[in-house]
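Visitor: I am new to this structure and would like a close look at one part of it, with its surroundings explained carefully. Could you take me through a single loop and then through what lies around it?

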Amino acid sequence: MSHFSPSETTREFVRQVGRNLRLARKRRRKTIEEVAGMVGVSAATIKRVEAGESAVKFGIYLAIAEVFQLTDTIRFAEPGSDAIGMTMEKQRMPQRIRKKKDSRLDF
């Protein structure tokens, strides 16, 4: 069984998210233990999140963002920002659309 290993770009992105959440915690003057209690995980897990470990479940990152009321700042895989997907979708669009013949009225 193969094991997925994220790219360095992805690992750096997760580390940055961890640093951002650490800063948010410090701005709110919350201890790691307080945040752990609010989220329902161990203090060790909060430390791993703040260290930007990609092995931590994504839902925990989201739960911390919710506790800090930061969910409105999360921008992740938004369809309007998916330039490649929109280009591919546009390429699959028909050049013109024909109205289908209604076979019920065909005598």
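Guide: Arg29 is found in the loop between helix 1 and helix 2, and everything said about this residue here is read from a predicted model. The backbone at Arg29 has a positive phi of about 55°, although this residue is not a glycine. Arg29 counts as exposed because its relative accessible area is 76%, and the cut-off for that word is over 50%.

The two helices that flank this loop are helix 1, which covers residues 8-27, and helix 2, which covers residues 32-39. They belong to a protein chain with five helices and zero strands, so that the pattern read along the sequence is α-α-α-α-α. Of the 107 residues in this chain, 20% are buried. Among the contacts with a separation of 6 or more, 48% are between residues 24 or more positions apart.

On the helix 1 side of the loop, Arg25 deserves attention, since this residue lies in helix 1. Arg25 counts as buried because its relative accessibility is 9%, and buried means under 20%. Which residue is joined to the side chain of Arg25 by a polar contact of 2.5 Å? The partner is Glu50. Leaving out residues up to four places away in sequence, Arg25 touches Lys30, Thr31, Ile32, Val35, Glu50 and Phe68.

Glu50, for its part, has its place in helix 3, which spans residues 43-50. Glu50 is likewise classed as buried because its relative accessibility is 6%. With residues up to four places away in sequence again set aside, Glu50 touches Gly18, Arg19, Leu21, Arg22, Arg25 and Ile32.

Both members of this polar pair also take part in enclosing an empty space. Rolling a probe the size of a water molecule over the atoms shows where empty space is left. The model has one cavity of 30 Å³ or more, and the largest cavity holds about 30 Å³ of space. Its lining is made by Leu21, Arg22, Arg25, Val35, Ile46, Val49, Glu50, Ile64 and Phe68. Helix 1 and helix 3 each supply at least two residues of that lining, and by class the lining has six nonpolar, no polar and three charged residues.

Several of the residues around the cavity lead on to the nonpolar core. In soluble globular proteins, nonpolar side chains tend to be buried together. Here the largest nonpolar core has 14 residues, and those with the most contacts inside it are Leu21, Ile46, Val49, Tyr61, Ile64 and Phe68. Helix 1, helix 2, helix 3 and helix 4 each supply at least two residues of this core, with the largest share, four residues, coming from helix 2. For one of these core residues the neighbours can be listed: not counting residues up to four places away in sequence, Leu21 touches Val49, Glu50, Tyr61, Ile64, Ala65, Phe68 and Leu70.

A further space, this time a pocket, also involves helix 1. The largest pocket holds about 500 Å³ of space, and of the 17 residues that line it, the closest to its centre are Phe13, Val17, Phe58, Tyr61 and Ile74. Helix 1 and helix 4, which covers residues 58-67, each supply at least two residues of the pocket lining, and the largest share, six residues, comes from helix 1. The lining divides into 12 nonpolar residues, four polar residues and one charged residue.

To return to the loop, its backbone feature has a counterpart further along the chain. Gln69 lies in the loop between helix 4 and helix 5, and this residue, too, has a positive phi of about 55° although it is not a glycine. Gln69 is exposed because its relative accessible area is 68%. Beyond that second loop, helix 5 takes in residues 83-92 and includes Met86. Met86 is described as partly exposed because its relative accessible area is 40%, and apart from neighbours within four places in sequence, Met86 is in contact with Pro79 and Gly80.

How values were computed: Residues numbered from 1 in each chain as written. Predicted model: local features only at pLDDT ≥ 70, side-chain atom pairs only at ≥ 80, totals over all residues. Heavy atoms only, no water. 1 Å grid on protein atoms, 1.4 Å probe; cavity = no way out; pocket = protein on both sides within 12 Å on 5 of 7 lines; lining within 4 Å. Points joined across faces, edges and corners; volume = space filled by probe spheres on them. Nonpolar A, V, L, I, M, F, W, Y, C, P; charged D, E, K, R; others polar. Core = buried A, V, L, I, M, F, W, Y, C linked by side-chain atoms within 4.5 Å. Buried < 20%, exposed > 50% of the residue type's maximum accessible area, 1.4 Å probe, protein only. Contact = heavy atoms within 4.5 Å. Polar contact = N/O pair within 3.5 Å; in protein donor to acceptor, adjacent residues only side chain to side chain.
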